[in-house]
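Student: Hey, can we look through this one together? I'd like to start with the charged pairs and then see what else comes up.
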Amino acid sequence: MPRACPSLERLLAKRLFLVSLCLLALGGGWWLLRAYAQAAALIADSLDDVRPADVGLVLGASVTPDKKPSSILRDRIRTGVELLAAGKVQRLLMSGEGEQ
């Protein structure tokens, strides 16, 4: 059986690769969207929406070169303190590298 033209074989292989890549991207995009929607359902809009817990976890973030917390870290600490003051958590667990 005669072989197809090499350039035609390359073109078909490229198209098959691109179609496979698109299908993979669509599947991965769908999974990511679904995971985001599930995580968004866990985010509270107000203190009233937060279920009480023994411990609240405050995730670390960067500090500035002069050892001050970044705006993200300040916001996380403030939110943790608000949860503590509202009686939503009994203790706060602060994470971070602890080197500085």
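Tutor: Sure, here is a chat about salt bridges and a surface patch in this model, which is predicted.

Student: Okay, how many salt bridges does a search of the whole structure find?
Tutor: The search turns up two.

Student: Which residue does aspartate 75 meet in a salt bridge?
Tutor: Its partner is arginine 78, with 3.8 Å from N to O.

Student: And how far along the helix are those two from each other?
Tutor: Aspartate 75 and arginine 78 both sit in helix α2 (residues 71-85), and because they are three residues apart, about one helical turn separates them.

Student: How accessible is each of them?
Tutor: Aspartate 75 has 43% relative accessibility, so it counts as partly exposed. Arginine 78 is partly exposed too, at 45%.

Student: What about lysine 68, which residue does it pair with?
Tutor: That one forms a salt bridge with aspartate 66, and their closest N and O atoms are 4.0 Å apart. Aspartate 66 is partly exposed, with a relative accessibility of 49%.

Student: Switching topic: which residues make the nonpolar surface patch?
Tutor: Phe17, Leu18, Leu21 and Leu24 make it, and the patch covers about 440 Å².

Student: Where is leucine 21, then?
Tutor: Leucine 21 lies in helix α1, which runs over residues 6-40.

Student: Why does leucine 21 count as partly exposed?
Tutor: Because its relative accessible area is 44%, and partly exposed is the range between under 20% for buried and over 50% for exposed.

Notes: Residues are numbered from 1 along each chain as its sequence is written. This is a predicted model: local features need pLDDT of at least 70, side-chain atom pairs count only at pLDDT 80 or more; totals for chains, interfaces and linings use all residues. Side-chain values use heavy atoms; hydrogens and water are left out. Patches are made of residues with over 30% relative accessible area and no salt bridge: like charges are joined within 9 Å, nonpolar side chains (Val, Leu, Ile, Met, Phe, Trp, Tyr) within 5 Å. Accessible areas come from the Shrake-Rupley method with a 1.4 Å probe; for residues, only the protein chains shown count as cover. A salt bridge is a side-chain nitrogen of Lys or Arg within 4 Å of a carboxyl oxygen of Asp or Glu. Helices (H or I, at least four residues) and strands (E, at least two) are DSSP runs, numbered from the N terminus. Buried means under 20% relative accessible area, exposed over 50%, partly exposed in between (1.4 Å probe, protein chains only).
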